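Welcome, and thanks for opening the viewer. Let's take a short walk from the whole chain down to one pair of neighbours.

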Amino acid sequence: MKCIIGLGNPGKKYDKTKHNMGFMTIDKLMDSYGQTQMKKDFSAEYCKFKVKGETVFLVKPLTFMNDSGRAVRLIMGYFQIQEDEIMVIQDDLDMPIGKVRLRSKGSAGGHNGIKSIISAVGTKDFKRIKIGIQHPARQTVVNWVLTPFSKDEAPAAFMGIDNAASAVEDWVDGDSFDQLMNKYN
């Protein structure tokens, strides 16, 4: 099984905000895999399909960022998904807009969604794709992450989403995570 979890905040008001890079990547993957509908259950939206005989989940927690772990724990418990079968897609303030970095484990690094997942799952050992959103120059972090990208920033942001989606597709197709880190980092 492969379970790809994109972090973000639910609702139209947050649709294209920087904190929703994970949700936007899940949307891109939905298109790539020809998926048109998500079910709502387990405090999440998700779809489940097969690729080369393997079950793949695309998940958007609907619990808001700071409580993402609750939805992740519910999905993992119900479908008996193991920690090594999940990949979380998140935004990262400490990288330039659109830069992608893959990590096989690690601390939350100040990201409340990751902190919630670590607490709920009970381990830091799960795969992550971080997409840079850059640290704000003149505004608070909260205001920065909850605003859309400017016209100048958008091309780099969408390139990051494309690269993150490609990394997921390569993982689903059978590349090891080490291969992905060598290719995308």
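Two residues are in contact when they have heavy atoms within 4.5 Å of each other. Keep that in mind while you look at this predicted model. Among contacts between residues at least 6 apart in sequence, 69% join residues at least 24 apart.

**Stop 1: the whole chain.** Select the protein chain and colour by secondary structure. You should find 6 helices and 7 strands. Follow the ribbon from the N terminus and the elements come in the order β-α-β-β-β-α-β-β-α-β-α-α-α. The radius of gyration is 15 Å, close to the 16 Å that the globule rule gives for 185 residues, so the chain is as compact as a globular protein of that length.

**Stop 2: the outline and the inside.** Show the C-alpha atoms alone: along the principal axes, they fill a box of roughly 45 × 30 × 30 Å. Now switch on a surface. Of the 185 residues, 53% count as buried.

**Stop 3: two helices.** Next, select residues 154–172, which form helix H5, and residues 177–184, which form helix H6. At what angle do H5 and H6 pack? The angle is about 150°, and the axes lie 10 Å apart. Because angles over 145 degrees count as roughly antiparallel, H5 is roughly antiparallel to H6. Their crossing is right-handed.

**Stop 4: the contact.** Show side chains for Asn163, Ser166, Ala167, Asp170 and Trp171 on H5, then for Leu180, Lys183 and Tyr184 on H6; these residues make the contact. Colour them by type and you will see 4 nonpolar, 2 polar and 2 charged residues.

Technical notes
Residues numbered from 1 in each chain as written. Predicted model: local features only at pLDDT ≥ 70, side-chain atom pairs only at ≥ 80, totals over all residues. Heavy atoms only, no water. Axes fitted to C-alpha atoms, helices over the stretch in contact; angles between N-to-C directions. Helix = DSSP H or I, 4+ residues; strand = E, 2+ residues; numbered from the N terminus. Parallel < 35°, antiparallel > 145°, perpendicular 65-115°, else oblique. Left-handed = near helix turned anticlockwise from the far one by under 90°. Nonpolar A, V, L, I, M, F, W, Y, C, P; charged D, E, K, R; others polar. Rg over C-alpha atoms; globule rule 2.2 N^0.38 Å. Buried < 20%, exposed > 50% of the residue type's maximum accessible area, 1.4 Å probe, protein only.
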